[in-house]
Amino acid sequence: MIRSFWRMAFQKVFVGANLPLLVTVTLSFLFSPPAHAAVPISFIEKQNLWILQTGGSSYAFGVNERGELQHLYWGKRLDTQDFSNPHSLPEWSSFDPSATTTPQEYPGWGAGLYLEPALKVTFANGNREVILHYVEQQVNGDNLEITLKDEVAPLYVRLHYRVYPDNGIIERSARIENRTNEAVTLESAQSATWTLPADRSYRLHYLTGRWAGEFQVQTEDLQVGKRIIESQRGSTGDDANPWFAIDQSDGTNETHGPVWFGELGWSGNWRFTIERTSSDQCRVVGGFNPFDFGYRLAPGESLETPPFYAGFTNAGLGEASRILHRFQVERILPGSPHPRIRPVLYNSWYATELNVDVAGQLSLAEKAAQLGVERFVVDSGWYGRGDDTRGGVGDWQVNPRKFPNGLKPLIDRVHQLGMDFGLWVEPETVSPDSDLYRQHPDWVMNFPGRSRTEVGNRLVLNFARDDVKEYVFSWLDRLVTENDIALLKWDYNRNWSDPGWPEVPTADQKKIWVQYVQNLYEIIDRLRSKHPRLEFEGCSGGGARVDAGMLRRVDQFWPSDNTDALDRLAIQYGFTQAYSPHLMIDWVTDVPDGINGRVTPLPFRFLVAMTGALAIGGDLNKWTADDISVATKMISFYKRIRGTVQDGKLYRLGSPTESDFSATEHVSEDNRQVVVVAFLHSQQFGRSVPLLRLQGLAEDATYSLTTIDDKLEEKVEKVRGAYLMHHGIRLRLRGDYDATAVELDRVQ
Ligand code: GLA
């Protein structure tokens, strides 16, 4: 195909042979604000470019002379006048054509593109290339929609940009529409290509993990080539998380320097391809995982990709996290911009495991209430017929042997005790030994004639099926209608295998990867809209489904089954890179720890849990009078500071994986309260505890100090912000697993 054809087509659009397009372009020019105005989206018609301004950053792209949407800039804020006309870059050699050297906003595969494409398509006639060109645009407040079309076939891509000017975030997604007369198969459909300024010194930060060891921060220099982080597990997974941050190895740390970061709102298979080219271009392409994707679009059908949120800051990795935290709290979480503060919760799992019954739960509830707990959650084991651990998942009737009169007597008593009630469910899996599976063996995902892979004594229900979706919605709806339930802990204790969907035509069976997740979202969305006070905790055997897609639907996450306080510090350090402490439920459990046998003091366990959403998960029947007194004091202190901890600005003062001393500092949004929680993991005798220099305070403000346990070396009652930030405070911590908390209140 001769590309000059597109030069002509481009002229046609802008010179006026096509009247509707001309009207769109002209009107948007007439109503475009002046180039210098501080508006989130500026369209500079003369130069065919768009500039998105958000927080301290600018993002610019335009239509080049070939009609392609070309990326121009992403970084520190510039003025709209600073940008020049988009023009494609020349080929570097006969091996590196212009299609590869020119950064496109959303490149289709073809025309000599050797980089990761955003779109890869197979047409019915065998053509496998898609060359996207600009058609039209529409600005609506903070939203911009750009329409692209293949140069030959009526295959359209609508790129959606949403700017969150106060949050420093740009959201991108794409809708791919098949307006041809035949089916088109999408081999790869990405949400966005994010292009960074060309540079050689990029460093990638990402999160990996495993069951009971989620959210481990990894850092590596980006070499030439592709680095892939992904999940092919059917859900988000804990071996990687859909978040990235890229900084510059020679200039960035927690407090300084440029960082480009983002996270994907999708709870199924996902992939980020982070690519540094031989000419030092750096791009992040992310969206649906192309693995086994093959999404067939019938004529007239379209596919919407998940939202991909990204931002830039010049103030280090800590600020990148704070931008995401604020964005999540103000824009994504249910109840945003003011999601309900997390109540102090008790969960019975580690106390009783599956041995749940009315008497046992009541005994725990009575004790939890005395400590100041506000929500009592019964975990797994309340359902089914028997009491063995193998059967029952899927049979969601209240177990008559354990709760002869249903859940009501327990819930009523929990209410009398001043708490609300939560319940564990696992709607997506089924035990082979369950009535549900016996009645509907076809409801689990399977490849006909092949064995079904049981993991953890579970099979996975095929949520892509509408009958399964309706069934699950109705039993959950009935459960929360018949019982006064404030929170459902939605668990998911395995990943996919045998993802067959034999009931639909073979060509459509791979849609299971997408349809399943869409139906999962729909069930939760419908439950929320029918029961507006109902809250959800997202859980997948711990943190295996924590992502910005679930975050729109759940009020909190269970980050890990590992509640050992020391391990948890590392997990929380990783979690908060990408997600707000508001979301991070953290139980105080018993020692020796059930997972790794470690013994840590109760105050240390409490203080670790108090840097997120505090909860208790120990067997309260075994707690001593001393334990109860520590717990009561800690919970009452936590209630005073939790607004700041959950929704304030988090400063990570040191990494628990790199040092034996670490701390978190939380500053309330109004800057009036500051909470510092510090941890000494282990200490060689005679080695001093570092001075703790705070961050983000007003130099001239004066703060009063209150300690939870009198571990401040200097007996100061009032101190200036400048002193706290430049001199710092010394804490009297010693030995192993010592910790303390200090509350600072601004007095002037
Ligand atoms: C998962 C969860 C735990 C608990 C158990 C119950 O492991 O992460 O918190 O709910 O399931 O089976």
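In the predicted model, the side chain of Asp-379 places an N or O atom 2.6 Å from an oxygen atom of the ligand. A second acidic residue is involved in a comparable way, in that a polar side-chain atom of Asp-561 is found 2.4 Å from a ligand oxygen atom, while the backbone contributes through Gly-542, a polar backbone atom of which lies 3.1 Å from an oxygen atom of the ligand. Of the 300 Å² that the ligand exposes when taken alone, 91% is buried by the protein. The surrounding shell comprises 13 residues, the closest of which are Asp-379, Trp-424, Lys-489, Asp-491 and Asp-561. In terms of residue character, this shell divides into 5 nonpolar, 4 polar and 4 charged residues.

The packing of three helices, α11, α12 and α13, was examined next. Helix α11, which spans residues 565-578, packs with helix α12, formed by residues 602-609, at an angle of about 15 degrees, and the axes of the two helices are 10 Å apart. Because an angle under 35 degrees counts as roughly parallel, α11 is described as roughly parallel to α12, and the crossing of these two helices is left-handed. Helix α12 also packs with helix α13, which covers residues 625-647, here at an angle of about 25 degrees and with the axes 10 Å apart. The pair α12 and α13 is therefore likewise roughly parallel, although the crossing of α12 and α13 is right-handed. Helix α12 thus takes part in a left-handed crossing with α11 and in a right-handed crossing with α13.

Several features of backbone geometry were also noted in loops of the model. The peptide bond that leads from Ser-336 to Pro-337 is cis, its omega being near 10 degrees, and Pro-337 is located in the loop that connects α4 (316-332) with β21 (345-347). A cis peptide bond is likewise present from Val-591 to Pro-592, where omega is near -5 degrees. Pro-592 belongs to the loop between β29 (585-588) and α12, the helix that packs with both α11 and α13. A further feature concerns Asp-498, a residue other than glycine whose phi nevertheless takes a positive value, near 50 degrees. Asp-498 is situated in the loop running between β26 (487-490) and α10 (512-530).

Note on methods: Residues are numbered from 1 along each chain as its sequence is written. This is a predicted model: local features need pLDDT of at least 70, side-chain atom pairs count only at pLDDT 80 or more; totals for chains, interfaces and linings use all residues. Side-chain values use heavy atoms; hydrogens and water are left out. A residue is near a molecule or strand if one of its heavy atoms lies within 4 Å of it. A polar contact is a pair of N or O atoms within 3.5 Å; within protein, one must be able to donate a hydrogen and the other to accept it, and residues adjacent in sequence count only if both atoms are side-chain atoms. Accessible areas come from the Shrake-Rupley method with a 1.4 Å probe; for residues, only the protein chains shown count as cover. Ala, Val, Leu, Ile, Met, Phe, Trp, Tyr, Cys and Pro count as nonpolar, Asp, Glu, Lys and Arg as charged, and the others, Gly among them, as polar. Axes are lines fitted to C-alpha atoms, for helices over the stretch in contact, and angles run from 0 to 180 degrees between N-to-C directions. Helices (H or I, at least four residues) and strands (E, at least two) are DSSP runs, numbered from the N terminus. Angles under 35 degrees count as roughly parallel, over 145 as roughly antiparallel, 65 to 115 as roughly perpendicular and the rest as oblique. A crossing is left-handed if the near helix is turned anticlockwise from the far one by less than a right angle, and right-handed if clockwise.
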